[in-house]
Amino acid sequence: QRYKINRAEYHGGDLTGVDIKKLMHDAANIMKEIREYLINSLHDDSNETEQSIIDKCGNVETLLTLWDGILSNLHTRFPTTEVCDETQKFVDAAIKLAHEMGMSKTVKGHGAERHIVSQMRRVYGGLFEFDEQWAERIHQEGYKYDMKYRSRSEAKAAYVRVSNTRRSTKPQTQNAMKRVKQRFKKGPLKRTLDNEEEERKAKRERRLAAVEG
């Protein structure tokens, strides 16, 4: 709960895409807490040892980090050859580690291993919208707009939503937003942008270390 990860009541109690994203984002801290808890819970009749717990938790952390890198690259618009090559390295390392951990290969795992990078190369613009997270976001956005415009007629609410979407996706609007961000050389927004950039660099370093390790 500290990381705002909740087991959804649907999907049979499995984690959903949004929660899995949070799990991958904080994999290092979460697995550290789990590792410490398991080690402190060891008893004489346990089949595990302190080292086996360290190894297993480390493997899970690495696996989550690799899939975090795969999904991050998958969301890249117009991915370069370097991004596609890096993604394939992440996929190969993730599938190999999962096999070593005794996990069976799923249909999605096979699709990622054999097809995802080739489709990133062939599909114009990449696959930045081609995943379950995109569909979940649509549901969330739809609910937000339903609540925001619930006092209006269905036709009026639909017209306002379409107008807002068209306005926000126009190249002129997007370029104007970029110029606004560039004008902030100091202050809260500048610090926020700097922190986001530092976090992106740190995550990239962890993903590359996971491939090499």
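**A walk through an all-helix chain**

At 24% relative accessibility, Gly58 counts as partly exposed, because the value falls between the 20% below which a residue is buried and the 50% above which a residue is exposed. The model in which this value was computed is a predicted one. Gly58 belongs to helix α3. Its C-alpha atom is 8.6 Å from that of Lys32, although the two residues are 26 places apart along the chain.

The overall layout comes next. The protein chain holds 9 helices and 0 strands. Read from the N terminus, the order of elements is therefore simply α-α-α-α-α-α-α-α-α. Of the 213 residues in the protein chain, 25% are buried. Among contacts between residues at least 6 apart in sequence, 58% join residues at least 24 apart.

Where do the nonpolar residues of the largest core come from? The elements that each supply two or more residues to this core are α3 (50-74), α4 (81-100) and α5 (107-122). The largest share is that of α4, with 9 residues. The core has 19 residues in total, and those touching the most other members are Leu66, Val91, Ile116 and Met120. In soluble globular proteins, nonpolar side chains tend to be buried together. Val91 has contacts with Ile70, Ala112, Glu113 and Ile116, when residues up to four places away in sequence are not counted. Another core lies apart from the largest one; it has 6 residues, including Ile5, Leu23, Ala27 and Leu64.

Leu66 is a residue of helix α3. Its relative accessible area is 1%, so Leu66 is buried. Beyond its neighbours within four places in sequence, Leu66 is in contact with Phe90, Ala93, Ala94, Arg207, Ala210 and Val211. Phe90 is 24 residues away from Leu66 along the chain, yet their C-alpha atoms are separated by 5.6 Å.

Helix α3 also contains Asp68. Is Asp68 buried or exposed? Its relative accessibility is 11%, and Asp68 therefore counts as buried. The side chain of Asp68 makes a polar contact of 3.1 Å with the side chain of Arg207. With neighbours within four places in sequence left aside, the residues in contact with Asp68 are Met24, Lys203 and Arg207. Arg207 thus appears in the contacts of Asp68 and in those of Leu66.

Helix α4 can be checked for length. It has 20 residues, which at 1.5 Å a residue should span 28 Å; the C-alpha atoms at its ends are 29 Å apart, so the two values agree. The buried residues of α4 are Val83, Cys84, Glu86, Thr87, Phe90, Val91, Ala93, Ala94, Ile95, Leu97 and Ala98. Just after α4 comes Gly102, whose phi is positive, at about 85°. Before α4, in the loop that joins α3 to α4, lies Phe78. Most residues other than glycine have a negative phi, and most peptide bonds are trans. Phe78 is not glycine, yet its phi is positive, near 50°.

Helix α2 takes in residues 27-40. Its 14 residues should span 20 Å at 1.5 Å a residue, and its end C-alpha atoms are 20 Å apart, so here too expectation and model agree. Which residues of α2 are buried? They are Ala27, Ile30 and Met31. Around the helix axis these residues cover an arc of only 90°, and therefore sit on the same side of α2. An α-helix has 3.6 residues a turn, so residues three or four places apart point the same way. On the face of α2 turned away from the buried side are the exposed residues Tyr37 and Asn40. The buried residues of α2 are covered by elements that include α1 (17-25) and α3.

The cysteines come last. Cys57 has a relative accessibility of 5%, so Cys57 counts as buried. Cys84, one of the buried residues of α4, counts as buried because its relative accessibility is 2%. How many disulfides does a search of the whole structure find? The search finds 0 disulfides.

Notes. Residues are numbered from 1 along each chain as its sequence is written. This is a predicted model: local features need pLDDT of at least 70, side-chain atom pairs count only at pLDDT 80 or more; totals for chains, interfaces and linings use all residues. Side-chain values use heavy atoms; hydrogens and water are left out. A disulfide is a pair of cysteine sulfur atoms within 2.5 Å. Buried means under 20% relative accessible area, exposed over 50%, partly exposed in between (1.4 Å probe, protein chains only). A nonpolar core is a set of buried Ala, Val, Leu, Ile, Met, Phe, Trp, Tyr and Cys residues joined through side-chain atoms within 4.5 Å. Helices (H or I, at least four residues) and strands (E, at least two) are DSSP runs, numbered from the N terminus. Contact means heavy atoms within 4.5 Å. The expected span of a helix is 1.5 Å times one less than its number of residues. The arc is that of the directions from the helix axis to the C-beta atoms. A polar contact is a pair of N or O atoms within 3.5 Å; within protein, one must be able to donate a hydrogen and the other to accept it, and residues adjacent in sequence count only if both atoms are side-chain atoms.
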